[in-house]
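Here are some short exercises to work through with the model open beside you. Try each task before reading its solution.

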Amino acid sequence: MQHPGMQTVRRTSQQQKLTADLCVVGSGAAGLSAALEARALGQSVVIVDAAPQIGGQAVNSAIGTICGLYANGPAPGRVTHGVMDPLLAEMTANGQATARRARNTLIVDYAINGWMRWVERQILETDVMPVTGAVLRGVERQDRRISALQLATRWGDMVIEAESFVDASGDAVLSWLAGLPLNQSDTDIHGTIMAVFEGVDTDIVNEMPRETYHAAMRARGAEFGLVRHDGFLFPQAEAGKVLANMTHIRTPQDPVGLARAGMQGRAQVDGLLALFKAEFPEAFGNARVATYGQPGIRQTRTIQGRSRITVEGVRAGHRPDDAIARCSWPIELHTEMADTHWEVFGDDHMHWIPFGAMVPEGLDNVVTAGRCIDAEPAALASVRVMGPCFAMGRAAATAAAQVGAGSFHQIDVTALQAAVADNLSLTRDDPWTAGFVRERGREADGA
């Protein structure tokens, strides 16, 4: 065998550079949808994430559930289509996704590794350019347009030039770095550290009413370092595993604070498992933590857009003229450490996302998608889940392909709505919907 030799290298000031039609910042549900939809429309695409892998919170925070994908009622139809369709079809066929009734709708539980690998295959097969481990340091702005992003990577500085940008960062980072005014809740919206427990007797757990373990958390939670007294245990596709969404952490917007919040949340996970072992030894006696998620962030900064989603509009189901997506997910507010506020809607309810709430005032070639759109905090709590985030990503990509070098403020709304029409009309041809109607009817919410 020939041994490798050595050569001398020195740091240079030369920046790496990428150029594309569209640059997507953030690779969670909204960003992934935007990147793959844009590539299908023939655009060259770069997708950027500060994490070391693509997937956003769907992978790194171990969310494990797809909410807001279905309407309400005893036979809830699908309300979001697009790249969600092949993702759902493959994971269902592989036994990596299952649906169950909850909150007057259907929630889909998915295997985190299955999601990650599907995403990575799509990125490679479609030739989307992934940039991971890249921290956005600044933007180059010319009047009302961003022309380039400045990033730092472990391999040196990088510049990405694009005709248009989708901000799916969750924190409205492009508008922030461009110096625009943003909105932020005056009350902390708590995040969560998710965890997967393995070695669980899931037959027992699946028969346990929520109130059983909620009562234990209220009675002995302080003894085990818990701050939250509600939450859910979600069944997983793999035998013996459950996903725990039962912690609350603050969401400080500084690196030290967020790192500490994550550590505190993982300590809560340990305390939760210890409590369950003590209170429910038959179900959790052999359980252990298989996965700790990264801090799951629900809300931080949001843009100031052409329009705003209000709580009144959500409750009334008002449909704006420029609607591009819809959902019926409850108002799910995490402002209290101990409990979560739920406002569940009726069978025929639907609320809508206007394209104007995705377009920041002051920038022509940036559109936001996901949890940083313009919405009152409680209203955002009803549209920041995965179903509508996928729909927003699709609308953002479609709009980018339509406007080209123009302005998102001058979009042809009628043409945009025609291109995403199946996300504006209810469909009931989903096999899960048919199965629940035929075999189960209206079940009591299980999570």
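**Exercise 1. Find how many helices and strands this predicted model holds, and judge its overall compactness.**

Solution. Begin with the secondary structure: the protein has 14 helices and 20 strands. Next, take the radius of gyration, which is 22 Å, and set it beside the globule rule, which gives 22 Å for 447 residues. The two values are close, so the protein is as compact as a globular protein of that length. To picture the extents, draw a box along the principal axes: the C-alpha atoms fill roughly 65 × 60 × 50 Å.

**Exercise 2. Work out what share of the residues is buried and what share of the contacts joins residues 24 or more positions apart.**

Solution. Count a residue as buried when its relative accessible area is under 20%. By that cut-off, 57% of the 447 residues are buried. Then turn to the contacts with a separation of 6 or more: residues 24 or more positions apart account for 74% of them. Finish with the surface, where the protein exposes about 18,500 Å². Carbon and sulfur atoms supply 49% of that exposed area.

**Exercise 3. Describe how helices α7 and α8 pack, and say which residues meet.**

Solution. Locate the helices first: α7 spans residues 210-220 and α8 spans residues 255-279. Their axes lie 11 Å apart, at an angle of about 110°. Angles of 65 to 115 degrees count as roughly perpendicular, and α7 and α8 are therefore roughly perpendicular to each other. Now list the partners. From α7 come Tyr213, Ala216, Met217 and Arg220, and from α8 they meet Leu272, Leu275, Phe276, Ala278 and Glu279. Sorted by character, the residues of this contact are seven nonpolar and two charged, with no polar ones.

**Exercise 4. Look at the loop between β4 and β5: what is the sign of phi for Arg103 and for Asn104, and is each residue buried or exposed?**

Solution. Place the loop first: β4 covers 97-102 and β5 covers 105-110, with Arg103 in the loop between them. Asn104 lies in the loop between β4 and β5 too. Read the backbone angles next. Phi of Arg103 is near 55°, a positive value in a residue other than glycine. For Asn104, phi is near 65°, again positive in a residue that is not glycine. Last, check burial against the cut-off of under 20% relative accessible area. Arg103 has a relative accessible area of 13%, so this residue is buried. Asn104 has 11% relative accessibility and therefore counts as buried.

Conventions. Residues are numbered from 1 along each chain as its sequence is written. This is a predicted model: local features need pLDDT of at least 70, side-chain atom pairs count only at pLDDT 80 or more; totals for chains, interfaces and linings use all residues. Side-chain values use heavy atoms; hydrogens and water are left out. Axes are lines fitted to C-alpha atoms, for helices over the stretch in contact, and angles run from 0 to 180 degrees between N-to-C directions. Helices (H or I, at least four residues) and strands (E, at least two) are DSSP runs, numbered from the N terminus. Angles under 35 degrees count as roughly parallel, over 145 as roughly antiparallel, 65 to 115 as roughly perpendicular and the rest as oblique. Contact means heavy atoms within 4.5 Å. Ala, Val, Leu, Ile, Met, Phe, Trp, Tyr, Cys and Pro count as nonpolar, Asp, Glu, Lys and Arg as charged, and the others, Gly among them, as polar. The radius of gyration is taken over C-alpha atoms; the globule rule is 2.2 Å times the number of residues to the power 0.38. Buried means under 20% relative accessible area, exposed over 50%, partly exposed in between (1.4 Å probe, protein chains only). Accessible areas come from the Shrake-Rupley method with a 1.4 Å probe; for residues, only the protein chains shown count as cover.
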